[in-house]
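Trainee: I would like to learn how to read a structure feature by feature. Could you take me through one?

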Amino acid sequence: MTGAAVHEVRARFDDETITVYQAYPARIAGPALEAGTFVDPFKRGRMTWIKPSFLWMMYRCGWATKTDQERVLAIDITREGFEEALSRACLSHFDRTRFATAEEWRAAVRSSPVRVQWDPERDLNLNPLPHRAIQIGLSGPAVERYVENWISEIRDATPLAREVHAAMAAGSPDTAASLLPGERVYPLPAALAERIA
């Protein structure tokens, strides 16, 4: 993709919310869909990774076929919450342009409840693209804020995952592309863009 930024936050969003994706087994996804947020047996004590890219989620969960990732959830969270998470984030890898030493970076990681990781975005065949998609890892107080304050709605995206996958399997990439959530570059404030590279 000529001229594209290496790192881009692309997502489905409106004035109030941004959609992120997670994949879980039915035992976690079912109660979450019913409650409208994550409840037991979801473990708040573990890091949870949210992904704004639908196709990166499909790559990660194998179109909702991998063990314990059979249910794909589309989670609408407030843009305020999304940006709050990024404001507390630390990159998951050492970047010498941001930290003088690896020890300084490790100290920042230890003190931050949010990790940011950049991985190659995927196309409909789940092949890597030149630009990278963001993954955001929430832990500790960030998970609490996510579950209690940021989530506005949870929807079951498993049927969509299966429909897009079936269109690709049938040799209909145009149909598959037409089904994808409309994702566009998210307008990050400059300070947040700098923080997450």
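Mentor: Happily; we will go through pockets, helix faces, aromatic rings, backbone details and a few single residues. Keep in mind that this is a predicted model.

Trainee: Let's begin with pockets. How does one look for empty space, and what volume does the largest pocket have?

Mentor: The general idea is simple: rolling a probe the size of a water molecule over the atoms shows where empty space is left. Here, the largest pocket has a volume of about 480 Å³. Its lining is made up of 18 residues, and those nearest the centre are Ala23, Tyr24, Arg46, Met47 and Thr48. The elements that give two or more residues to this lining are β2 (17-24), α1 (26-35), β3 (48-50) and α2 (54-61).

Trainee: Which element gives the largest share of the lining of the largest pocket?

Mentor: That is β2, with three residues. Sorted by class, the lining of the largest pocket holds nine nonpolar, six charged and three polar residues.

Trainee: And what about the second largest pocket: how many residues line it?

Mentor: The second largest pocket is lined by 15 residues, with Arg10, Leu55, Glu121, Arg122 and Glu183 nearest its centre. Two or more residues come from each of α2, β6 (114-122), β7 (128-138) and β9 (184-185). The space in this second pocket amounts to about 250 Å³. Its lining divides into seven nonpolar, six charged and two polar residues.

Trainee: Now helices. Which residues of α3 are buried?

Mentor: A useful habit is to list the buried positions, then look down the axis. Helix α3 covers residues 79-87, and its buried residues are Arg79, Gly81, Phe82, Ala85 and Leu86. Viewed down the axis of α3, these buried residues fall within an arc of 165 degrees, so they line one face of the helix.

Trainee: Let me try α5 in the same way. Which of its residues are buried, and what arc do they span?

Mentor: In α5, residues 141-150, the buried ones are Ala142, Val143, Tyr146, Val147 and Trp150. They fall within an arc of 130 degrees seen down the axis of α5, so they too line one face of their helix.

Trainee: Tyr146 has an aromatic ring. How should I describe ring pairs, and which rings form a cluster with Tyr146?

Mentor: A pair of aromatic rings is described by the distance of the centres and the angle of the planes. In this model the count comes to eight aromatic pairs. Ring pairs join Tyr146 with Tyr24, Phe38 and Phe42 in a cluster. You have met two of these residues already: Tyr24 is among those nearest the centre of the largest pocket, and Tyr146 is one of the buried residues of α5.

Trainee: Rings can also have a charge over them. Where do I find that here?

Mentor: Look at Arg122, whose charged end sits over the ring of Tyr59, 3.6 Å from the ring's centre. Arg184 lies over the face of Phe13, at 3.9 Å from the ring centre.

Trainee: On to the backbone. Which peptide bond is cis?

Mentor: For this, read the omega angle. The bond from Asp40 to Pro41 is cis, with omega near 15 degrees. Pro41 is located in the loop between α1 and β3.

Trainee: And phi: where is Leu126 found, and what is its phi?

Mentor: Leu126 is in the loop between β6 and β7, and its phi is near 65 degrees, a positive value in a residue other than glycine. Leu126 counts as buried, at 16% relative accessibility. Ala197 also has a phi near 65 degrees. Ala197 lies in the segment after α8 and is partly exposed, with a relative accessible area of 29%.

Trainee: What about Ile196: buried or exposed?

Mentor: Ile196 is buried, with a relative accessible area of 2%; its place is in the segment after α8 (190-195).

Trainee: Last one: how do I compare sequence separation with distance in space, say for Glu70 and Ala29?

Mentor: Set the two numbers side by side. Glu70 and Ala29 are 41 residues apart in sequence and 9.2 Å apart in space, C-alpha to C-alpha. Glu70 sits in the loop between α2 and β4 (71-78) and is partly exposed, at 29% relative accessible area.

Conventions
Residues numbered from 1 in each chain as written. Predicted model: local features only at pLDDT ≥ 70, side-chain atom pairs only at ≥ 80, totals over all residues. Heavy atoms only, no water. 1 Å grid on protein atoms, 1.4 Å probe; cavity = no way out; pocket = protein on both sides within 12 Å on 5 of 7 lines; lining within 4 Å. Points joined across faces, edges and corners; volume = space filled by probe spheres on them. Helix = DSSP H or I, 4+ residues; strand = E, 2+ residues; numbered from the N terminus. Nonpolar A, V, L, I, M, F, W, Y, C, P; charged D, E, K, R; others polar. Buried < 20%, exposed > 50% of the residue type's maximum accessible area, 1.4 Å probe, protein only. Arc of directions from axis to C-beta. Phe/Tyr/Trp six-rings, centres within 6.5 Å; stacked < 30°, edge-to-face > 60°. Lys NZ or Arg CZ within 6 Å of the ring centre and 35° of its normal.
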